[in-house]
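Hi,

Here is the structure I promised to pass on. Have a look at it first, and then read my notes below.

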Amino acid sequence: MVKNSKTSTKKKVIFLLPTLNEEEAISRTIDKIPIEKVRSMGFECEIAIVDGGSRDRTVELARLKKITVIQSPKKGYGFQYIYAISRLSGDIVITGDADATYPLEIAPNILDILIKENLDFITTNRFADLEKSSMSLSHYIGNKILTLVGNLLFGLRLKDNQSGMWCFDLNKVKKLGLENRDMAFSEEIKIRAFKKLKSKEIAITYRPRVGKSKLNYLHALKNFIFLFKLRLKI
Ligand SMILES: Nc1nc2c(ncn2[C@@H]2O[C@H](COP(=O)(O)OP(=O)(O)O)[C@@H](O)[C@H]2O)c(=O)[nH]1
Ligand SMILES: [Mg+2]
């Protein structure tokens, strides 16, 4: 578990990756994390995965990299995030899938924006620079529809409400009341953050996935329904 050193006054940045059978990409994803650059900015830095019961070598490979491994008692992208966020202690969290799609190497720039603009939450827009074959046509259309419907229901102007790369103030996000245990966690965290915290969306590059996708049409449908359920609550 990630612990905050009591003697240190440095802020702690935690890179948090949710994993489910990502043995093909986990090592290269971890290697891309600019841990030394973040340390040179004056932060303590830690890398953690929260694993939802991978049956391949994901956990073993993560342990070889000497990073923190949080093993979630239940499956579910949202459950894993909620479980990890409630247990982590530190200041800033940066997330991304362990599938080599997100440009984790730009973390220092994102941290700069968070601090200089005094923000609590940053999400990323993959549509700004989609590399060839990074998103199938069905994913593209599904993501666009979910983003449009989410914006209409909640009065937002997001360009991508399904991106999984965020940078946030851990202690503020702990208080957001996040509840979705499935893939809709991704839209929920953005909607709640944009309603309650100082938030911003920034452009990123999105790269082709390494390893098999974990998504299917049922996820898209459940994400769609969850938008309406959340609208009844907030
Ligand atoms: N679907 C799914 N993904 C999970 C889970 N736990 C962790 N993940 C990770 O979360 C990411 C979700 O996938 P996403 O980027 O939305 O789609 P994908 O990259 O096409 O599979 C993948 O990198 C998974 O490894 C889970 O319980 N279900
Ligand atoms: Mg992914």
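What follows is a tour of the ligand site, a few loops, two helices and a strand.

Some housekeeping before that. This is a predicted model, in which local features need pLDDT of at least 70 and side-chain atom pairs count only at pLDDT 80 or more, while totals for chains, interfaces and linings use all residues. Residues are numbered from 1 along each chain as its sequence is written, chains are lettered from A and ligands numbered from 1 in the order in which they are written, and side-chain values use heavy atoms, with hydrogens and water left out.

**The ligands**

Let me start with the magnesium ion, which is ligand 2. Its protein donors are Asp97 (OD) and Asp99 (OD), at 2.1 to 2.2 Å. Donors here are N, O and S atoms within 2.8 Å of the metal (3.2 Å for Na, K and Ca), and water is not among the atoms, so sites may look incomplete. Aspartate 97 counts as buried because its relative accessibility is 17%, and aspartate 99 does so at 3%. For these labels, buried means under 20% relative accessible area, exposed over 50% and partly exposed in between (1.4 Å probe, protein chains only).

Both aspartates turn up again at ligand 1: a polar side-chain atom of aspartate 97 lies 2.3 Å from an oxygen atom of ligand 1, and a side-chain N or O atom of aspartate 99 is 2.8 Å from an oxygen of ligand 1. The backbone joins in at leucine 20, where a polar atom is 3.2 Å from an oxygen atom of ligand 1. The protein covers 91% of the 550 Å² of accessible area that ligand 1 has on its own (Shrake-Rupley method, 1.4 Å probe; for residues, only the protein chains shown count as cover). In total, 15 residues surround ligand 1, and the closest are Glu22, Asp97, Arg209, Ser213 and Lys214; the cut-off is a heavy atom within 4 Å.

**Loops**

Two asparagines have a positive phi although neither is a glycine: asparagine 21 at about 50 degrees and asparagine 118 at about 55 degrees. Asparagine 21 lies in the loop between strand E1 (12-19) and helix H1 (26-32), and asparagine 118 in the loop between helix H5 (107-116) and E5. Helices (H or I, at least four residues) and strands (E, at least two) are DSSP runs, numbered from the N terminus. Asparagine 21 is partly exposed at 30% relative accessibility, whereas asparagine 118 is exposed at 54%.

Proline 103 is in the loop between strand E4 (92-95) and H5, and counts as buried at 2% relative accessibility. Leaving aside neighbours within four places in sequence, proline 103 is in contact with Met165, Ile204, Thr205 and Arg207 (contact means heavy atoms within 4.5 Å). Isoleucine 204 is 101 residues away along the chain, yet the two C-alpha atoms are separated by 7.2 Å.

Asparagine 180, in the loop between helix H7 (170-173) and H8, is buried at 11% relative accessibility. Polar atoms of the asparagine 180 side chain lie 3.5 Å from the backbone nitrogen of alanine 184 and 3.3 Å from that of phenylalanine 185.

**Helices H8 and H6**

Of the 12 residues of H8, 9 are buried, so this helix is largely enclosed by the rest of the structure. Among them are Phe185, Glu187, Lys190 and Arg192. The end C-alpha atoms of H8 are 16 Å apart, in agreement with the 16 Å expected at 1.5 Å a residue; the expected span is 1.5 Å times one less than the number of residues.

H6 (residues 137-154) has 18 residues and reaches 26 Å, close to the 26 Å expected. Its buried residues include Asn143, Leu146, Val149 and Phe154, and the buried residues pack against strand E5 (121-130), helix H8 (185-196) and helix H9 (217-233). After H6 comes glycine 155, with a positive phi near 65 degrees.

**Strand E7**

Isoleucine 202 is found in strand E7 (residues 199-206) and is buried at 11% relative accessibility. Not counting residues up to four places away in sequence, isoleucine 202 touches Ile110, Ile113, Ile122, Thr123, Thr124 and Asn125.

Cheers

Terms used:
A polar contact is a pair of N or O atoms within 3.5 Å; within protein, one must be able to donate a hydrogen and the other to accept it, and residues adjacent in sequence count only if both atoms are side-chain atoms.
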